[in-house]
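Here is a quick tour of a two-chain model, one chain at a time. Have a look at the structure before reading on.

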Amino acid sequence: MNLPLAVAIAPQATTEFNALTSVIRQADSTAGGELPVRWLVLRDDFVSGADALTVSAWLAPQSERIELVPEVPVTHNEPFHVSTATATLDFASTGRAGYSPSVQTDPSAASAVGRRSAAGADAVWDEAGDVDDVVHRLWASWEPDAVIRDEATGRFIDRDKVHYVDFTGTDSVGEEFTVKGPSITPRPPRGELPVLVRVSDDASARAAARFADVAVLDADAFTDAETGRRLLDAVATGPARPTVLLSVALTEEGRTARGEATASVLSALVDEANELVGVESAAEATDVAGVEGILLDAPTPDAAVAALSGGERAN
Amino acid sequence: MSQRQVHLAAHFPGVNNTTVWSDPQSGSNIDFSSFEHFSRAAERGLFDFVFLAEGLRLREHKGEVFDLDTVGRPETVTVLSALSAVTRRLGLVGTLSATFNEPYDLARKLATLDHVSAGRAGWNVVTTNDAFTGENFRRGGYLDRADRYRRAVDFIHAARSMWDSDAGPFDFSSEFFSIFGNFPVPSSPQTHPVLFQAGDSPEGRDFACANADAIFTRHAALEDGKAFYADITERLARFGRSEDDLKVYPGVTFIIGDTHEAAVERSRSVAYQQVSGPGAIAFLERQWGRDLSAYDPNGPLPDIEPDDGSGNLSQGRVQHVKDPRPLIEEWRRLARDKNLSIRDLVVEVSTRHGFVGTADEIAGSMDEYIQERAADGFILIPHLTPGGLDEFVDTVVPALQARGVYRDEYPGDTLRDSMGLPGPTPADQWAAAREASDQPVGK
């Protein structure tokens, strides 16, 4: 079956380093099985847990198949560093990296950095779109064949294939920011990394519509048919047309509210969500925005391991 | 044991003309497999650490991206973290700017690295002063030269306060920062990563003595190294510290041969790989401050005078010389006396390799440096990626072991253990020692 499946680890739990090695091993071993996990998302809200991208880089050589999609705090950080770090994760994982911008509206994130004040959801998601834009431009600032090693002329690179980006964006407090480029890191193996956006409100739905490859509809936001329909429509009314996943919370024991995270349980959850918002089937969802897959939100690494090994057994 | 022990570390071949990219054995400077190969070799040789440099903007020359040297590097913390999964004891030291980072974010990343590596993280603290690099960052070139060390001192203090908090509250106010909150990462195995400093000015040396665990120096010659070491030891005392608290590692190049003559010949041939004809012209252009592309690298030195206001011909490099004219005169004299072409001259003045000889000769020289207190260890700078350490590890390391001055196994688990450093000192104690000294470090 072809249910797009992601597993996410809660931000507070990303310091459980040893347990994360079990998650990566377990997730990697689902490849080729009934319910393969495609993406591992380490969540990062910037004010709890470890730096998810740094942890993901450590997991990269310990895995072979799964795509590593850390959340990357973007509101108070430098877009240039976001670009080089994500590109480097793609090199370290030999082409299995993605990233998920995480925005900070919390005053505690602003005061920990001390550069500017907190802003609301609309402003931080608008900024995240500009950050994602320049991050993509920096990845692409080296053409694939920029390194030439031409002994005849003594040139290591063809500088005509390494480009300034000269980007201007607007930050969350309305100030202009600029990035000159080019990147210091050559084009990552994937060229462009897939971008995952968590959709929890109208602002994040608009952001997903603008630049997401994968949009994850938060279970908390999917309170009723009307809200779900509105957010899905918003996600679909943009250039990005992302794959939509529904987030499903796991218990500490790694179970969903409907029992073990088996293929049949998860596809039933997809169908149920689509029925609720008036889409007949997951297949139809590519035309009329609907849910196509699942992201399992694990409170701990142990819960993720339990869910993934339970799924194996039950199928 | 009366003999001081030799320590070794390895600089990943950098974005400069020490790194030879034209050799058939030269591999990728960016693929993770190169970093893995290099680090595994260092660990096989029981090295203290692998060291990564930093450059946050591609270097430019005559207003264009400089294309003659190796170009491109990974993000430092990310690649070190990946390396922690393929090594077990090797320290992982990254050069990271205290100018274009913020304490909270960087302290959190380094604490994460120290956790995933089980206590092997190190941070070479540098300042990045110029507006040229700042163009890649939100705030641009915001910091006056005079403030760069002062912000770095406060940056380190703030970071140490966060590391000391053990997933607790921090509150740090200074001229440069007003930050508070909860630091979300529990104490890492080393509590504080090992801090390095690489500046060489008197203020840079005081900065190291007041803030760092180790110094990366350019003083690679024996007498020069002894003078530097003695100077550092004297400065340390002013901060209530001894030579055991701060390790001195010069960066050194090396060329190994089966015989001394073979090594000398190899050194010469590597030097000409390091300096191509166009590379030699570009080297002179940086000193002359003007276009010299009409000159033949195999011909005599330019007879025209350097441009007066030459500062901006080359961007993104550490500048060591202010007025180029005395140096140019010296080079002209040298070229005349030895009948050197432009390329010969640049080879002569820019590529002198630190240790050239047989494995036994190199081991003997290194031993002498350490016993004479010219250094505590060496950061080897090989000229090839990724195999540039292999021969050294296979031949010089056993020769050092045979002399009884190099270990047979790692002494412990952490980078501090490998370097023989004491445990971490809390932020407040560092601050008190700076206050108690009469040195105006960062003030």
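What share of the contacts in chain B with a separation of 6 or more comes from residues 24 or more positions apart? Residues that far apart in sequence account for 77% of them. Keep in mind that this is a predicted model.

## Chain B: overall build

Let's start with the secondary structure: chain B has 15 helices and 15 strands. Its C-alpha atoms fit a box of roughly 65 × 55 × 40 Å along the principal axes. A compact globule with 443 residues would have a radius of gyration near 22 Å, and chain B comes out at 22 Å, so the two agree.

## Chain B: inside and surface

Of the 443 residues in chain B, 62% are buried. On the outside, the chain exposes about 16,800 Å², and 46% of that is supplied by carbon and sulfur atoms.

As for charge, chain B carries 45 positive and 66 negative side chains. The centres of those two sets sit 2 Å apart.

## A closer look at helix α3 of chain B

Helix α3 of chain B covers residues 103-116. At 1.5 Å a residue, its 14 residues should span 20 Å, and the end C-alpha atoms are indeed 20 Å apart, so expectation and model agree.

Is α3(B) mostly covered or mostly open? Mostly covered: 14 of its 14 residues are buried. In general, an α-helix has 3.6 residues a turn, so residues three or four places apart point the same way. After α3(B) comes Ala118(B), which has a positive phi, near 55 degrees.

## Chain A: overall build

Over to chain A, whose secondary structure amounts to 9 helices and 15 strands. The radius of gyration of chain A is 20 Å, close to the 20 Å the globule rule gives for 315 residues, so the chain is as compact as a globular protein of that length. Along the principal axes, the C-alpha trace of chain A spans about 65 × 40 × 40 Å.

What about contacts in chain A with a separation of 6 or more? Residues 24 or more positions apart make up 72% of these.

## Chain A: inside and surface

How much of chain A counts as buried? The figure is 62% of its 315 residues. The accessible surface of chain A is about 11,200 Å², with 45% of it belonging to carbon and sulfur atoms.

Chain A has 24 positive and 50 negative charges. Their mean positions lie 5 Å apart.

How values were computed. Residues numbered from 1 in each chain as written. Chains lettered and ligands numbered in written order. Predicted model: local features only at pLDDT ≥ 70, side-chain atom pairs only at ≥ 80, totals over all residues. Heavy atoms only, no water. Helix = DSSP H or I, 4+ residues; strand = E, 2+ residues; numbered from the N terminus. Rg over C-alpha atoms; globule rule 2.2 N^0.38 Å. Buried < 20%, exposed > 50% of the residue type's maximum accessible area, 1.4 Å probe, protein only. Contact = heavy atoms within 4.5 Å. Areas by Shrake-Rupley, 256 points an atom, 1.4 Å probe, with all protein chains shown as cover. Lys, Arg positive; Asp, Glu negative; His and termini not counted. Charge placed at Lys NZ, Arg CZ, Asp CG, Glu CD. Expected span 1.5 Å × (residues − 1).
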